[in-house]
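This report describes the arrangement of strands, helices and cysteines in the structure shown below.

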Amino acid sequence: MMIHKRLRPFNTKDTYPEQKLNTDLSQGVVARGTMVFLRGQVSQDLDTRESLHVGDPRAQARKALENIKMLLEEAGSEMAHICRIVVYLTDIRYREAVYLEMGEWFKGVHPCSTGLVVPALARPEWVVEIEVTAVIPDAA
């Protein structure tokens, strides 16, 4: 049983055949439950505040997603209940590496996603920031 209704799910390999991407997304999500809004996550250790993986956009994306997973679990949710993602990149050339990493984390989830290229993030060593909105589903 699907907890959330995914509107027009698709995979980026079909939408962007010229790119080597493989991420399950959708055009929209109708979510049921209590909403969880996470601050944009970067490649930072949340306990020590140390910046990690300087110069490696894919590893930075992986750390941001690890932080997201941990925070969602602390909130009582999980990656499968992510409805919306906003990805901020400081260089369009990082898109493929970041989305390849995201593809590993969102298989079968189909969140809706927006990607933006921005001049900078809060610290110069950060090249990717990922923000999500998820839910804690209502009890069945």
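## Cysteines

In this predicted model, the cysteine sulfur closest to that of C112 belongs to C83, at 7.4 Å, which is too far for a bond. The same distance of 7.4 Å applies from the side of C83, whose closest cysteine sulfur is in C112. Because a disulfide requires sulfur atoms within 2.5 Å, the separation of 7.4 Å between C83 and C112 rules out a bond. The count of disulfides by this rule is 0.

Both side chains can also be described by their accessibility. C83 has a relative accessibility of 8% and counts as buried. C112, with a relative accessibility of 16%, counts as buried too.

## The sheet

Four strands make up an open sheet with mixed pairing, and their order is β5-β8-β6-β7. At the edges are β5 (34-37) and β7 (112-117), each of which pairs on one side only. On average, and with direction ignored, neighbouring strands of this sheet are turned by 10 degrees against each other.

Strand β6, covering residues 82-89, runs parallel to β7 and is joined to β7 by 6 bridges. Within the sheet, Y88 stands opposite L116 of β7. The pairing of β6 with β8 is antiparallel and extends over 7 bridges; V86 stands opposite E131 of β8. Of the 8 residues of β6, 7 are buried, so this strand is largely enclosed by the rest of the structure.

## M35 in an edge strand

Strand β5 contains M35. M35 counts as partly exposed because its relative accessibility is 49%, and the range for that class ends at 50%.

Leaving aside residues up to four places away in sequence, M35 touches T133, A134 and V135. M35 and I82 lie 47 residues apart along the chain, and 9.7 Å separates their C-alpha atoms.

## Helices on the sheet

Helix α2 (residues 57-75) lies across three strands, namely β5, β6 and β8 (128-136), and runs at about 25 degrees to β8. Helix α3 (residues 95-105) also packs on the sheet, where α3 touches β6, β7 and β8. The direction of α3 makes about 155 degrees with that of β6.

Several residues of α3 are buried: R95, V98, Y99, E101, M102 and G103. These buried residues pack against helix α2 and against strands β6, β7 and β8.

## Contact between α2 and α3

The axes of the two helices come within 8 Å and cross at roughly 35 degrees. The crossing in which α2 passes α3 is right-handed. On the α2 side, the contact is made by P57, R58, A61, R62, L65, E66 and K69. On the α3 side, A97, V98, L100, E101, M102, E104 and W105 take part.

Sorted by class, the residues in the contact of α2 with α3 comprise 8 nonpolar and 6 charged residues, with no polar ones. An α-helix has 3.6 residues a turn, so residues three or four places apart point the same way. Among the α2 residues in the contact are A61, L65 and K69. V98, E101 and M102 of α3, which also belong to this contact, are among the buried residues of that helix.

Methods:
Residues are numbered from 1 along each chain as its sequence is written. This is a predicted model: local features need pLDDT of at least 70, side-chain atom pairs count only at pLDDT 80 or more; totals for chains, interfaces and linings use all residues. Side-chain values use heavy atoms; hydrogens and water are left out. Two strands pair if DSSP finds at least two bridges between them. Axes are lines fitted to C-alpha atoms, for helices over the stretch in contact, and angles run from 0 to 180 degrees between N-to-C directions. Contact means heavy atoms within 4.5 Å. A crossing is left-handed if the near helix is turned anticlockwise from the far one by less than a right angle, and right-handed if clockwise. Ala, Val, Leu, Ile, Met, Phe, Trp, Tyr, Cys and Pro count as nonpolar, Asp, Glu, Lys and Arg as charged, and the others, Gly among them, as polar. Buried means under 20% relative accessible area, exposed over 50%, partly exposed in between (1.4 Å probe, protein chains only).
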